[in-house]
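Colleague: Got a minute to go through this one with me? I'd like to start with the rings.

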Amino acid sequence: MRADDFLFPTDAGLFCPAGDFFIDPVRPVPRALITHGHGDHARAGHGAVMATRETLDIMAIRYGENFTAARQAADGPARIGGVEVSFHPAGHILGSAQIRLACDDGPVITVSGDYCRTPNLVCAPWEPVPCDIFVTEATFGLPVFKHPDPAHEIARLLASMAEFPGRAHLVGAYALGKAQRVIALLRQAGFEAPVHLHGAMQRLTDYHVEQGIPLGDLRPATTPKEIEGQVVIAPPSAFASPWVQRFRDPVICFASGWMAVRARARQRGVELPLVISDHVDWPQLTQTLAELRPEQVWVTHGAEEGVVRWCELNGLDARPLRLVGYEDEAE
């Protein structure tokens with residue numbers, strides 16, 4: 001079977017006719033395989049969903065228990081129609097997975113979803129999956145993106161807290177993945193004081209703790225006057241709402257790979273940008289392609305042309321998929 005007949009892009013997302021399923025579809029479909037729980041990849045309303053147990057739990061938390069008519073946890077290889085399917089850690093967020101597809105008379109394809117090779121304390125590490133075709137994201141698919149060690153960025157946060165002990169440090173971080181990772185990095189750096197959470201963070205953070213991830217003393221950010229000089233983590237949307245005005249002279253921080261772009265930090269009014277990414281940067285992306293050496297590279301959601309050009313210069317057959325509907329929510 002030709003690769004283009006085995007898996008191909010549609011308006012709904014990547015479709016595999018041999019298994020009659022879509023991967024991370026952007027609209028409701030009869031059967032979906034989901035790489036991870038971020039909203040641009042995991043949507044409600046599908047007839048059936050297959051994902052890791054953690055991703056299924058996260059979707060239920062975000063969308064309600066009836067987010068799909070049927071759930072199937074990915075627990076070892078499974079046969080769907082004429083396709084053997086298996087899920088492998090992606091290192092992006094809790095429950096994130098690469099999906100390996102193998103057909104009896106076709107190529108082996110790995111759909112990476114979003115992935116990261118920098119160690120992440122709140123999820124399983126990325127796992128290399130040999131394949132004929134590798135479908136890679138390109139969120140930071142340009143040479144300018146070389147992310148620093150997250151521990152260095154947390155050290156900058158702690159240094160700022162020491163310099164401004166009377167000012168609350170409000171850290172913008174997405175509620176799923178980034179918020180919990182920032183807390184875990186703080187704990188790894190020896191920070192034992194309470195971390196205060198915006199209400200939108202609470203349930204997903206509680207779920208991480210329920211899964212055995214130690215995040216220390218967590219408290220609701222309900223008493224601004226009592227938490228001056230401490231860390232408060234909130235979703236980006238909170239910084240454009242009256243909520244932030246409850247704090248007296250806070251230090252506005254934001255944790256994202258996009259904070260490497262100074263214009264984005266200025267646009268958000270960020271005083272302390274923290275370059276902490278849950279995606280591969282350019283060196284990690286090109287390292288991955290060089291190590292896997294697939295017969296073909298399919299590039300999606302991001303700087304597709306830059307990655308395709310690098311592949312051409314390094315003897316790899318590559319093409320862009322030009323999928324739409326996948327944003328940078330995770331960052």
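Colleague: So how many aromatic pairs does a search of the whole structure find?

Modeller: Eight. Keep in mind that this is a predicted model. One of the pairs is W243 with F247, with 5.0 Å centre to centre and 65° between the planes.

Colleague: And what do you call that geometry for W243 and F247?

Modeller: Edge-to-face. The label fits because the planes are 65° apart, and anything over 60 counts as edge-to-face.

Colleague: Are W243 and F247 buried or exposed?

Modeller: Buried, both of them.

Colleague: OK, which residues form an aromatic cluster?

Modeller: F8, F15 and F22 form one together.

Colleague: What about arginines? Which ring does R268 lie over?

Modeller: R268 sits over the face of F254, 4.4 Å from the ring centre. There's also R319, which lies over the face of W298 at 4.3 Å from the ring centre.

Colleague: Switching to strands. What is the strand order in the open sheet?

Modeller: The six strands run β1-β2-β3-β4-β5-β6, and the pairing is mixed. At the edges you have β1 (8-10) and β6 (70-73), each pairing on one side only. On average, neighbouring strands in this sheet are turned by 30° against each other, ignoring direction.

Colleague: In which sense do β5 and β6 pair?

Modeller: Parallel, over four bridges, with β5 covering residues 48-51.

Colleague: And what stands opposite M50 there?

Modeller: That's Q72, in β6.

Note on methods. Residues are numbered from 1 along each chain as its sequence is written. This is a predicted model: local features need pLDDT of at least 70, side-chain atom pairs count only at pLDDT 80 or more; totals for chains, interfaces and linings use all residues. Side-chain values use heavy atoms; hydrogens and water are left out. Rings of Phe, Tyr and Trp (its six-membered ring) pair if their centres lie within 6.5 Å; planes under 30 degrees apart count as stacked, over 60 as edge-to-face and the rest as tilted. Buried means under 20% relative accessible area, exposed over 50%, partly exposed in between (1.4 Å probe, protein chains only). A charge sits over a ring if NZ of Lys or CZ of Arg is within 6 Å of the ring centre and within 35 degrees of the ring normal. Two strands pair if DSSP finds at least two bridges between them. Helices (H or I, at least four residues) and strands (E, at least two) are DSSP runs, numbered from the N terminus. Axes are lines fitted to C-alpha atoms, for helices over the stretch in contact, and angles run from 0 to 180 degrees between N-to-C directions.
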